[in-house]
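Please open the model in your viewer, show the chain as a cartoon, and keep a selection command ready. The tour below moves from one selection to the next and says what is to be found at each stop.

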Amino acid sequence: MVVVGRGGACGRAGVAAVTVLAAVALLLPGASAAAVGPAYGRTAATAATGPVRRPSASYPFAVQLKSLNPSVVRQDGELTLSGTITNTSRRRVGATRVGVRIGGAGAIGTRSGLAAVAGRAELGRGDGPRVPRHTAALASLKGGAERRFRLTVPVPDLGLDGAGAFALTVDVARADGTVLGLTRTFLPAYPDGSDPEPLHTTVLWPLTDTPHMEALTQRTRDRVLPVFRDDGLTAALTRGGRLRRLVELGDDQPVTWVIDPDLIVQARAMAKGYRVARTPDSTDPQEAADGKGRDAAKDWLAALRKAVRGRDVIALPFADPDLASLARGGASLTKLLRRASRTGRAVVDRALGTHARGDVAWPAGGMLDGAIADYVKGLGLGTVLASGEGISSSGALVAFGATDDGPVSLDGGTTALRYDATIASLLFASRPAVEAAGGAGDAARLRLRQRLLAETLTAVRELPYARRGLVVVPPRRMPAGVGRALLSTLAASQKAGWLRPARFAAALRDPETGQLRGFDGYPVALRAAELPPARLAAVARDRRRLRALLKVLSDARSTAASVRAALARSVSTAWRGNAVGAAAYQRGVAGYLTASITSVRLVPKSTVVVAGGSATIPVTVDNGLQQGLTGVELRVLSSRPERLKAVDRAVTVRASRAVSRTVRVRVRAHANGPVRLTARLYTSADGRPWGAPMTFTAEIRSVPSGAVAFVVGGVVLIVLAGSLRLRRPGRG
């Protein structure tokens with residue numbers, strides 16, 4: 001919902017593209033000084049007179065702002081800035097000075113105005129003049145060298161005119177005013193006495209990851225060990241890893257935890273002992289080694305239990321399925337996913353001691369259309385996290401362009417909870433930069449924090465005395481650096497007084513009436529990242545094969561659970577942007593089913609000798625499964641039943657795990673000589689063929705002469721009957 005500020009013709013959707021591009025521009029390392037100024041800059045005097053022609057080369061100095069304290073200024077005190085300046089040219093540059101500028105237009109009045117400032121590259125009139133008497137000298141700097149700077153400016157000298165977000169520029173210039181480099185950020189000011197109605201803010205805190213656990217399991221004498229395709233989850237759960245840091249950061253914070261139940265399933269499996277495949281595409285459980293993350297998983301689960309105590313928890317549908325892809329080709333998987341989600345919520349509650357919500361869907365990108373809404377309803381989910389694109393509502397505040405995230409009641413009983421698309425874009429765009437090592441990461445986190453503070457403060461100033469909501473949705477696989485910047489934003493804005501934490505249930509109160517409407521162009525990037533229809537068809541085919549496999553297992557329950565979970569993981573949203581990984585995972589599930597099905601087979605043979613009129617024919621069934629074989633029967637058909645015929649129509653087959661079992665089929669022979677026999681396995685439950693047939697020859701010997709005569713006599717009678725029939729005149 002919150003995508004723009006008020007004013008002009010800019011509506012919520014109209015500035016969306018500008019917002020995203022500006023977010024990327026502001027947050028990319030070095031973007032602030034890129035393509036600005038001639039080879040050695042342009043003069044500050046020229047910049048103050050108005051816009052000029054875009055230069056052909058970038059500034060020679062790269063400016064990184066690594067510390068800005070305080071992040072929100074009041075009416076007095078001091079502002080301290082520090083960072084580094086790097087000479088990216090090959091030439092030595094003489095003495096310069098570092099200074100600060102405050103936007104000449106004063107506090108930025110709209111969120112679209114913030115986007116415009118963030119996307120600005122050139123130094124212009126809008127950057128304002130340098131704050132006088134508060135610059136720092138910088139000695140000459142040779143090519144490639146770096147130097148630190150530090151500036152302290154009394155807040156009254158900044159000339160701030162009340163509450164609001166101000167553009168702040170740090171630039172390096174020569175004595176003649178030639179600017180050699182700059183960087184931009186935002187400075188929120190909130191003097192004492194500012195008393196608008198705070199934004200009631202609900203912040204989601206997602207815990208998801210790419211699937212690592214396979215359908216493959218390894219059975220021992222007393223337990224079943226899961227097999228992981230790699231041990232990458234160990235690094236994420238270990239101290240310093242992404243998921244461990246997110247749990248530590250979110251502990252005791254006013255956030256709503258959004259957890260993929262499959263992540264809990266995998267962590268619990270690791271804590272109990274697991275194996276790791278030597279190659280991700282292995283279908284042999286013996287080709288696996290012990291996993292190394294048992295202790296890390298135990299510690300992580302304990303830390304998570306502590307962190308979520310007393311907090312709101314949302315259990316996503318199991319494995320966080322790609323709802324948009326499934327809505328266009330996954331109708332046959334609805335039952336599988338609905339069952340998995342019910343199980344997943346119970347797992348979260350048992351493992352964490354919570355009462356999680358299990359009715360929330362989260363389509364990729366927050367996109368919601370009629371097909372997605374119908375699919376979500378089919379899964380039994382009543383609430384959808386949505387960016388607001390394609391949703392129209394009766395909300396008066398939104399109609400005027402003001403920030404007011406909240407629920408919209410749609411036809412069919414679904415509630416769409418709109419979240420702030422601008423903030424979501426900023427958090428998403430910042431992911432690579434905030435995780436960079438050293439000063440680059442510090443600078444990126446500072447830029448993100450100050451931009452988020454500016455966005456929220458400007459949103460408050462849109463309608464300062466109206467009660468409104470803000471819903472913040474970070475990226476699914478949120479880096480810890482993004483989490484740190486987000487929490488520091490919440491802390492600073494809550495301390496200042498313009499944000500107030502709100503629980504998830506509060507964000508869903510008093511929904512407006514609305515409806516889905518068509519929107520121009522489903523985002524190309526989101527469409528391109530969807531799971532292809534062929535992949536969904538392959539998963540549906542594997543589900544049918546699983547049903548066949550379960551009919552012949554003595555312990556079908558554990559196999560059903562592991563493979564159904566793997567099928568759900570095959571359609572996870574986590575595979576977006578990783579087509580190779582998605583295809584490899586699905587092939588692994590299919591390979592496991594193929595190996596399991598083909599491991600129950602008939603051992604080939606060429607010839608057997610049948611001596612006498614009654615005999616038994618041995619047929620060997622090889623059970624390569626890790627569990628007992630049941631629910632299978634053997635049938636043998638003769639090509640010459642007048643010579644040899646099976647007495648038993650079907651013989652039940654039972655075999656222990658990983659053994660071969662010889663089944664004896666009773667036959668009756670009537671004449672000497674060779675007869676072709678075909679043996680095949682069938683499922684007892686529905687009589688469907690299992691595996692390939694096996695053909696062999698029965699060599700009949702020493703059949704009693706009476707039996708031979710009986711056979712010959714029978715043949716003669718058949719011939720005579722045919723002759724008489726030919727001689728009988730036809731009826732008119």
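Over the ring of which residue does the charged end of K605 sit? Select K605 together with F696, for the charged end of the lysine sits over the ring of F696, 5.8 Å from its centre. Bear in mind at every stop that this is a predicted model.

**Around T697**

Move next to T697, which lies in strand β31, residues 689–701. With a relative accessible area of 14%, T697 is buried, and its side chain makes a polar contact of 2.5 Å with the side chain of R676. If you display the surroundings of T697, leaving aside residues up to four places away in sequence, you will find that T697 touches S606, T607, V608, P674, V675 and R676. For another charge placed over a ring, select R635 and Y682: R635 lies over the face of Y682, at 4.2 Å from the ring centre.

**The whole chain**

Zoom out before the next selection. The chain has 21 helices and 31 strands, and of its 732 residues 55% count as buried. Of the contacts in the chain with a separation of 6 or more, 77% are accounted for by residues 24 or more positions apart. The chain exposes about 31,200 Å², and carbon and sulfur atoms supply 53% of that area.

**An aromatic pair**

A pair of aromatic rings is described by the distance of the centres and the angle of the planes. The count comes to 3 aromatic pairs in this model. Select one of them, F228 and Y274, whose ring centres are 4.9 Å apart and whose planes stand at 55°, so the pair is tilted. F228 belongs to strand β10 (residues 224–228), whereas Y274 is in the loop between α6 (261–272) and β12 (275–277), so the pair ties together parts that are 46 residues apart in sequence. F228 counts as buried at 1% relative accessibility, and Y274 counts as buried at 4%.

**Helix α5**

Select residues 242–250, which form helix α5, and colour its buried residues, namely R242, L243, R244, L246, V247 and G250. These buried residues pack against β8 (199–207), α4 (232–237), β11 (256–259), α6, α7 (294–308) and α15 (480–496). Following α5 you will come to D252, whose phi is positive, near 65°.

**Helix α10**

Go on to helix α10, residues 370–378, where I372, A373, Y375 and V376 are buried. They cover an arc of only 165° around the axis, which puts them on the same side of α10. An α-helix has 3.6 residues a turn, so residues three or four places apart point the same way. Which elements do the buried residues of α10 pack against? Showing their neighbours brings up α8 (323–327), α9 (334–352), β15 (360–361), β16 (383–386) and β22 (512–516).

Both ends of this helix deserve a separate view. D369 caps the N-terminal end of α10, with a side-chain oxygen 3.3 Å from the backbone nitrogen of A371. Just after α10, G380 takes a positive phi of about 80°.

**Backbone details in loops**

Most residues other than glycine have a negative phi, and most peptide bonds are trans. With that in mind, select N69 and P70, where the peptide bond from N69 to P70 is cis, with omega near 0°. P70 lies in the loop between β1 (61–69) and β2 (78–87).

Then select D320, which has a positive phi of about 50° although it is not a glycine. D320 is found in the loop between β14 (313–315) and α8. Is D320 buried or exposed? At 4% relative accessibility, D320 counts as buried.

Turn next to D510, also not a glycine, with a positive phi of about 55°. D510 is placed in the loop between α16 (504–507) and β22, and with a relative accessible area of 71% D510 is exposed.

The last selection is P511, in the loop between α16 and β22. With a relative accessible area of 42%, P511 is partly exposed. P511 touches P407, V408 and S409, again not counting residues up to four places away in sequence. Draw a distance from P511 to V408 to finish: the two are 103 residues apart in sequence and 5.0 Å apart in space, C-alpha to C-alpha.

Notes. Residues are numbered from 1 along each chain as its sequence is written. This is a predicted model: local features need pLDDT of at least 70, side-chain atom pairs count only at pLDDT 80 or more; totals for chains, interfaces and linings use all residues. Side-chain values use heavy atoms; hydrogens and water are left out. Buried means under 20% relative accessible area, exposed over 50%, partly exposed in between (1.4 Å probe, protein chains only). Helices (H or I, at least four residues) and strands (E, at least two) are DSSP runs, numbered from the N terminus. The arc is that of the directions from the helix axis to the C-beta atoms. Contact means heavy atoms within 4.5 Å. A polar contact is a pair of N or O atoms within 3.5 Å; within protein, one must be able to donate a hydrogen and the other to accept it, and residues adjacent in sequence count only if both atoms are side-chain atoms. Rings of Phe, Tyr and Trp (its six-membered ring) pair if their centres lie within 6.5 Å; planes under 30 degrees apart count as stacked, over 60 as edge-to-face and the rest as tilted. A charge sits over a ring if NZ of Lys or CZ of Arg is within 6 Å of the ring centre and within 35 degrees of the ring normal. Accessible areas come from the Shrake-Rupley method with a 1.4 Å probe; for residues, only the protein chains shown count as cover.
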